[in-house]
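Visitor: I would like a close look at a single part of this structure. Please choose one, describe it, and then follow its surroundings outward.

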Amino acid sequence: MIKYIGSKRRIVPGIVATVAGVGAVRTVLDPFSGTTRVAQGLKAAGFRVHASDLATYSEVLGTCYVETDRDAVDPAAIERLLRALQATPAREGYFTETFCRRSRYFHPRNGARIDAIREEIDRLDLDRTRRSIALTSLLEAADRVDSTTGLQMAFLKSWAPRALSDLQLRPPRLLSGSGRISRCDANRLVRDLATVDLAYLDPPYNQHSFFRNYHVWETLVRNDAPEVYGIACKRLDCRERRSPYNSRTGFGAALRDLLANVKATYLLLSCNSEGYLDPAAAPGLLERWGAVGLLEIDAKRYVGAQIGIHNPRGEKVGRVTHLRNREYLFLAGPDPEAIERGLRAGAEALGPAALGWRKGTAFSPKP
């Protein structure tokens with residue numbers, strides 16, 4: 001999977017174990033799915049997942065990993081498709097000019113291959129499933145040869161060693177079973193859906209905009225050659241697209257509206273110590289579901305935060321204040337015993353990373 005700030009990669013086993021531990025869950029909604037990493041973990045565990053996000057690249061990843069049933073796909077045909085795409089002669093175009101010369105996210109040699117393969121995917125006029133598999137393979141291949149710390153707000157001053165490797169397409173690791181994928185605003189989506197057994201809510205909870213942080217992937221998937229601005233060559237619509245979840249003043253109202261309209265028997269809310277949501281206030285927001293409990297997790301901060309703050313010339317202009325943060329998983333629902341089972345199972349799955357779990361609406365973060 002592609003590198004992603006806020007990724008739950010390290011705690012997916014705990015999230016899946018928590019949901020499974022509840023014991024009465026078959027259908028799960030994940031309306032802030034991002035790279036679909038959590039949705040994939042839930043699907044692999046046998047849950048029927050509906051994943052959604054506003055990003056076009058998220059829709060492609062979700063079509064590949066959540067919607068597509070591995071058992072309905074011919075792996076030999078996928079191998080042939082990717083080999084043919086890999087053999088497409090390199091040809092410089094918009095992607096190379098914008099993201100390899102005007103900026104330095106990728107080596108121009110790989111940029112020319114990305115340009116050629118992306119154009120070939122559109123030329124082949126593939127069906128929805130094969131197109132999502134081809135685009136996912138290209139996204140993941142590009143991610144393996146980028147020259148960033150995992151964010152597309154900046155690029156490294158010197159080429160990362162991986163950026164000098166050749167871009168190689170690999171078949172995505174598809175999952176058995178099927179799910180559902182949407183590309184929709186979460187607050188609007190929940191108004192239109194029927195009740196699910198559990199909703200997993202992981203909204204943006206600070207100033208970091210995923211649309212701006214991963215604008216290159218958005219452009220690669222859309223293949224729309226947008227006008228760009230600044231050293232980072234961001235899409236012009238990055239200036240216009242704003243989420244209330246990325247605003248300290250807008251976050252609370254957006255979250256309350258979401259919680260008022262989501263229809264789920266159980267709810268699992270994710271936040272962390274760097275976000276706008278005060279963990280002490282979370283249980284009060286979830287009381288209408290019944291019992292409330294918390295699983296607290298120790299987590300490493302993303303790579304860019306550990307490296308420190310640099311200006312466009314590559315000069316360090318800030319200092320790292322901390323290397324770790326706390327992840328909070330609030331589980332709420334009508335059955336107190338199910339809440340306890342879920343939290344206990346999540347803590348056991350995470351091992352030493354789990355700082356502990358507890359039930360009840362009274363909550364104070366551990367020091």
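Guide: The account below starts with one helix and moves from there to other parts of the chain.

The model is predicted, so local features need pLDDT of at least 70 and side-chain atom pairs count only at pLDDT 80 or more, while totals for chains, interfaces and linings use all residues. Residues are numbered from 1 along each chain as its sequence is written, and side-chain values use heavy atoms, with hydrogens and water left out.

First, the setting. The protein chain has 14 helices and 10 strands; these are DSSP runs (helices H or I, at least four residues; strands E, at least two), numbered from the N terminus. Of its 367 residues, 54% are buried, meaning under 20% relative accessible area, with exposed set at over 50% and partly exposed in between (1.4 Å probe, protein chains only).

The part chosen is helix H2, residues 37–44, and it is mostly covered: seven of its eight residues are buried. These are Arg37, Val38, Ala39, Gln40, Gly41, Leu42 and Lys43. The buried residues of H2 pack against two helices, H1 (12–22) and H3 (56–67), and three strands, E1 (27–30), E2 (48–52) and E4 (196–201). Contact here means heavy atoms within 4.5 Å.

The flanks of H2 come next. Threonine 36 sits in the loop between E1 and H2. Its phi is positive, about 70°, although threonine 36 is not a glycine. Threonine 36 counts as buried because its relative accessible area is 0%. On the other side, H2 is followed by glycine 46, which has a positive phi near 100°.

Another residue with a positive phi is cysteine 233, near 55°, again in a residue other than glycine. Cysteine 233 lies in the loop between E5 and strand E6 (234–235), and its relative accessible area of 1% is why it counts as buried.

A loop elsewhere holds valine 262, between helix H11 (248–261) and strand E7 (264–272). At 4% relative accessible area, valine 262 is also buried. Leaving out residues up to four places away in sequence, valine 262 touches Leu29, Val190, Ala199, Leu267, Arg288 and Trp289. The C-alpha atoms of valine 262 and alanine 194 are 9.0 Å apart, although 68 residues separate the two along the chain. Across the chain, 76% of the contacts with a separation of 6 or more join residues 24 or more positions apart.

The last stop is helix H5 (94–101). Its buried residues are Phe95, Thr96, Thr98, Phe99 and Cys100, and they pack against helix H6 (108–124), H10 and strand E5 (228–229). Helix H10 (215–222) also packs with helix H7 (128–144), at an angle of about 145° and with the axes 11 Å apart. Axes are lines fitted to C-alpha atoms, for helices over the stretch in contact, and angles run from 0 to 180 degrees between N-to-C directions. H7 supplies Arg131, Leu135, Leu138, Leu139, Ala142 and Asp143 to this contact, and H10 supplies Trp217, Leu220 and Val221.
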